[in-house]
Amino acid sequence: MADCLFCSIVDHEIPSDVIYEDDMIIAFNDIAPQAPVHFLVVPKKHIASLDEATEEDKELISHIMLKIPELVKEQGVENGYRVVINTGEDGDQTVKHLHFHILGKRKMTWPPG
Ligand code: AMP
Ligand code: ZN
């Protein structure tokens, strides 16, 4: 998808601090971390947001969800973490390519801001 930041990262046109990659997904550290560990898991397929995911994306999304605990352990997170999918305007989604935030190594609060 032209003019999509995360598609450019997926294509390695824009450099990122990659921690994991396979044929379906890429994971890289967030450029503006909100916790000592803060990385993003991004499907290689351009899906604008969770709202645009379909039945066709079932395998991809379950792959992401099952990969997250593995990546978290590799990053040395041992005491819990938070997974966030900002979606749409009220969700404060700024990059219109589906991504999962993983935050760890600090105590989170609830409700979120
Ligand atoms: P969201 O607000 O949920 O759409 O999240 C977008 C996230 O992408 C933010 O946490 C940004 O800090 C992060 N981000 C933006 N540009 C980059 C980049 N070039 N490399 C890594 N993370 C980025
Ligand atoms: Zn994209």
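Which element gives the largest share of the shell around ligand 1? Read on through these close-up views of a predicted model, and the first legend will tell you.

**Figure 1. The shell around ligand 1.** The answer is α1, which contributes three residues, the largest share of the shell. There are 16 residues around ligand 1, and those that come nearest are D30, N86, T94, H99 and H101. Sorted by class, the shell holds eight nonpolar, six polar and two charged residues.

**Figure 2. Backbone atoms beside the oxygen atoms of ligand 1.** Here we turn to three residues whose backbones meet the ligand. At T94, a backbone N or O atom lies 2.7 Å from an oxygen atom of ligand 1. For V95, the distance from a backbone N or O atom to an oxygen atom of the ligand is 2.9 Å. D92 joins in as well, with a backbone N or O atom 3.4 Å from an oxygen atom of ligand 1. On its own, ligand 1 has 500 Å² of accessible area, and the protein covers 83% of that. T94 appears in the previous legend too, as one of the residues that come nearest to the ligand.

**Figure 3. The pocket that holds ligand 1.** Ligand 1 sits in the second largest pocket. Two elements, α1 (5-10) and β2 (25-29), give two or more residues to the shell around the ligand. The pocket itself has a volume of about 290 Å³. Its lining is made of 19 residues, and L5, F6, D30, I31 and L40 lie nearest the centre. α1 and β2 are likewise the elements that give two or more residues to this lining. Of the elements, α1 gives the most, with three residues. By class, the lining has nine nonpolar, seven polar and three charged residues. D30 is worth finding in this view: it is among the residues nearest the pocket centre, and it is also among those that come nearest to ligand 1.

**Figure 4. The largest pocket.** How big is the volume of the largest pocket? It is about 510 Å³. Lining this pocket are 17 residues, with V84, N86, L103, P112 and G113 closest to its centre. The elements giving two or more residues to the lining are β4 (81-84) and β5 (100-104). The largest share, three residues, comes from β4. Seven of the lining residues are nonpolar, seven are polar and three are charged. N86 is a helpful landmark: besides being among the residues closest to the centre of the largest pocket, N86 is one of the residues that come nearest to ligand 1.

**Figure 5. A cis peptide bond after β5.** Most peptide bonds are trans. Which two residues does a cis peptide bond join in this model? They are W110 and P111, and omega is about 0°. To find the spot, follow the chain to the segment after β5, where P111 has its place.

**Figure 6. A positive phi in a loop.** Most residues other than glycine have a negative phi. H12 is not a glycine, yet its phi is positive, at about 60°. Where should you look for H12? H12 lies in the loop between α1 and β1 (18-21). The helix on one side of this loop, α1, is the element that gives the largest share of the shell around ligand 1.

Conventions: Residues numbered from 1 in each chain as written. Chains lettered and ligands numbered in written order. Predicted model: local features only at pLDDT ≥ 70, side-chain atom pairs only at ≥ 80, totals over all residues. Heavy atoms only, no water. Near = heavy atom within 4 Å. Polar contact = N/O pair within 3.5 Å; in protein donor to acceptor, adjacent residues only side chain to side chain. Areas by Shrake-Rupley, 256 points an atom, 1.4 Å probe, with all protein chains shown as cover. 1 Å grid on protein atoms, 1.4 Å probe; cavity = no way out; pocket = protein on both sides within 12 Å on 5 of 7 lines; lining within 4 Å. Sits in = over half its atoms within 2 Å of the grid points. Helix = DSSP H or I, 4+ residues; strand = E, 2+ residues; numbered from the N terminus. Nonpolar A, V, L, I, M, F, W, Y, C, P; charged D, E, K, R; others polar. Points joined across faces, edges and corners; volume = space filled by probe spheres on them.
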